[in-house]
Amino acid sequence: MIGNRTGLLAALLAATMLSSATPAFADGTVKVGVLQSLSGTMAISEVPLEDAELLAIDQINAAGGVLGKQIVPVEEDGASDPSTFAQKATKLIEEDKVVTVFGGWTSSSRKAMLPVFQRFHNLLWYPVQFEGNECSPNIMYSGAQPNQQALPALTWAEEKGYKSYFLLGSDYVYPRTANLILKKHIAHDGMTLAGEEYVPLGGTDFSSIIAEIQQSKPDIIINTLNGDSNVSFFKQMAAAGLTPDKLPVMSFSIAEPEAKAMGPSLLAGSYTSWNYFQSLPGPTNAAFVAAYKAKFGANSVVDDPMVHGYEDVMIWADAVKKAKSFNPTKVRDAAVSLGFVDSPLGEVKFADNQSMVQTGYIGQLQPDGQFKIIWQSPGPIEPQPYDPLTFPGKSCKLH
Amino acid sequence: MHESAFLLGQVFNGFSVASLFILAALGLALSFGLMRVINMAHGEMLMLGGYLAYMTLQIVPGPLGILVAMPVAFLGAGLLGGILEWAVIHRLSARPLDTLLATWGVSLVLQQAARNLFGAIGVEVTAPRWLNHTVSVHSGYFKGLDLPDTRIFILIVAAFVLGGIALLINKTRLGLYVRAVNQDRATAAAMGVNARLIDLAVFALGTGVAGLAGVILALLGPVTPTVGQNYIVPAFLVVILGGLGSLVGTTIASLMIGLFTALIEIFVDVSVAQVLLLVFVILFIQIRPQGVITVRTRALEG
């Protein structure tokens with residue numbers, strides 16, 4: 001697998017442009033579910049993610065499909081609503097008879113779908129960084145666990161000499177859990193916590209929080225705000241004279257599309273931690289970015305969750321080939337025994353706990369809206385669903 | 001930073017938040033007060049103002065773009081508001097629930113239109129460089145106090161808008177008609193006031209103010225298709241707390257909410273402050289259901 005995908009991608013790119021992916025034979029097909037929010041507040045992030053998942057399906061089909069069958073994606077709209085996600089997941093499995101589902105973004109959507117996949121013994125591929133603290137045999141977690149995004153950011157900041165940390169987030173499960181873990185490590189490493197604040201999702205006023213930041217004078221802000229609140233926060237920080245060059249901000253929810261939308265001039269110089277940046281070197285990533293731009297326009301950008309969604313489809317296909325079966329149980333067994341594969345993210349594999357082994361990167365936003373990679377973990381990081389400092393004694397053993 | 005400087009800073013922040021609420025809620029208060037129309041598309045007028053600011057800044061970049069954008073957004077949103085009133089709202093005038101549903105539909109249409117025209121992820125509007133400074137106190141009792149120019153600018157704009165509308169309502173002939181229709185629609189009509197035209201003018205004025213507010217909000221917040229939804233709930237809160245349709249009430253309610261949140265956030269985090277604010281409003285409405293200011297009007301009896 002390693003090394004040959006680059007050439008394949010280039011060939012596929014040409015092939016996808018020549019012919020649409022309609023299969024010539026009706027019974028030589030297999031259905032998979034693609035379940036993202038195509039409407040509602042999350043559509044902004046999930047539509048491009050779905051595009052990346054469909055791109056992977058197109059490329060696999062153009063190369064002949066899997067086990068001689070063309071993949072037919074059945075698209076459903078989760079509508080940014082957890083109960084809709086659960087309902088559509090049931091529909092995909094029961095009525096459409098899909099063999100697996102790619103989808104979800106928010107932790108609440110994943111938590112709502114989990115019982116559905118357990119009940120029907122199906123398999124969900126979840127592509128977004130999350131708070132860990134969950135371990136299900138019916139989900140493949142390719143997005144970062146806290147020890148692959150939040151903790152590498154802390155390691156980098158400590159190496160840089162920052163001592164005092166201010167934690168700011170939107171008020172829901174991911175920031176609360178990520179900060180719980182960060183606080184344990186900040187205390188354990190002998191650093192100080194300057195402050196911790198949460199605003200409701202969609203919150204627009206940061207005047208009081210900025211006053212508290214000015215008073216507590218942290219070395220760095222660790223920002224787990226989600227969505228539009230980031231724009232308000234950075235604009236109001238700039239208005240208060242606290243631009244990223246004066247007070248560094250490390251964000252966990254700002255990737256290339258968000259930076260593009262918020263305006264790189266506002267955010268330039270701020271930091272972010274991911275397992276993928278569009279600017280990553282290497283031919284596999286170059287081919288992926290080229291294929292995406294060829295399909296969705298030269299101005300489109302790609303980000304970490306999109307690449308995870310794309311790679312989930314690719315690894316699913318590899319696992320099906322290895323298992324010689326579409327059966328979800330056999331596929332998940334094969335997926336964790338594939339070993340490292342070459343991907344746009346670099347070398348990745350699924351560990352025995354069904355989370356992805358992957359490298360952590362720190363990027364600094366440049367005025368052109370792309371991130372300059374300024375730090376990376378010494379090697380791929382083993383995923384830890386349960387942080388040993390925060391949840392001692394809990395472990396995730398699935399295989 | 002000195003404790004007193006921090007406290008004064010929070011009082012300033014309270015006024016700053018209040019000025020945003022005044023701008024966001026004023027248009028709603030106007031149309032709600034006069035016509036009993038619950039305009040669910042009011043937030044989308046704020047959104048429209050933000051996008052008009054974005055377009056204006058494309059044509060007039062540079063330091064004064066934002067000053068050009070304000071009248072453009074006022075006229076643009078006012079025009080759309082006028083069309084909305086003429087095409088939808090006055091045709092449903094005696095049916096408040098239908099108006100609620102219809103304007104909600106309009107808000108969805110406008111959100112989707114923005115999404116189709118400009119994309120789902122919003123556009124960039126940044127404050128001009130001349131606003132990116134702070135007024136700082138370097139010595140004395142309030143040493144360490146930093147007041148952002150942007151927030152001072154918004155306070156001034158809010159004061160001007162409020163003053164302008166107060167003058168319009170209290171000192172002009174149009175204002176006299178508005179007050180007359182507000183007090184007793186039937187009698188005003190019998191006296192020869194064209195109530196239909198007054199409705200149209202007030203609704204367009206209200207949405208125009210919302211458009212202008214959208215430009216101001218874009219200095220401190222995002223410009224996305226759904227941005228209006230962030231402000232619509234606080235705006236309704238202000239209108240209800242202030243007393244239906246009263247400018248003074250709207251102003252006092254904005255200040256109450258702004259100062260309440262800014263001062264309570266010294267002690268609790270933002271989420272808890274939101275809860276306490278809503279509890280405060282619920283209690284206030286229990287004790288004083290008519291809001292801060294009671295407007296004498298027959299419209300409430302009909």
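Colleague: In this predicted model, what share of the contacts in chain B with a separation of 6 or more comes from residues 24 or more positions apart?

Modeller: The share is 77%. A contact here needs C-beta atoms within 7 Å.

Colleague: Why is the radius of gyration of chain B said to agree with a compact globule?

Modeller: The rule is 2.2 Å times the number of residues to the power 0.38. For 302 residues that gives a value near 19 Å; chain B has 20 Å, so the two agree. Along the principal axes, the C-alpha atoms fill a box of roughly 65 × 50 × 35 Å.

Colleague: What makes a residue of chain B count as buried, and what percentage do buried residues make up?

Modeller: A buried residue has 20 or more other C-beta atoms within 10 Å of its own. Buried residues make up 49% of the 302 in chain B.

Colleague: Which residues have the most contacts inside the largest nonpolar core?

Modeller: They are A25(B) and A73(B), in a core of 201 residues. Helix α1 of chain B, residues 3-35, gives the largest share of this core, 18 residues. Chain A takes part too: domain 1 (5-144 + 279-358) and domain 2 (146-274 + 362-376) each supply at least three residues.

Colleague: What does A73(B) touch, leaving out residues up to four places away in sequence?

Modeller: A73(B) touches G49(B), L52(B) and A53(B). It also touches G211(B), L212(B), G214(B) and V215(B).

Colleague: How many helices and strands does chain B have?

Modeller: Chain B has 11 helices and 2 strands. Their order along the sequence is α-α-α-α-β-β-α-α-α-α-α-α-α.

Key:
Residues numbered from 1 in each chain as written. Chains lettered and ligands numbered in written order. Predicted model: local features only at pLDDT ≥ 70, side-chain atom pairs only at ≥ 80, totals over all residues. Helix = DSSP H or I, 4+ residues; strand = E, 2+ residues; numbered from the N terminus. Buried ≥ 20, exposed ≤ 12 C-beta atoms within 10 Å, placed from the backbone. Contact = placed C-beta atoms within 7 Å. Core = buried A, V, L, I, M, F, W, Y, C linked by C-beta atoms within 7 Å. Domains from an automatic or database assignment.
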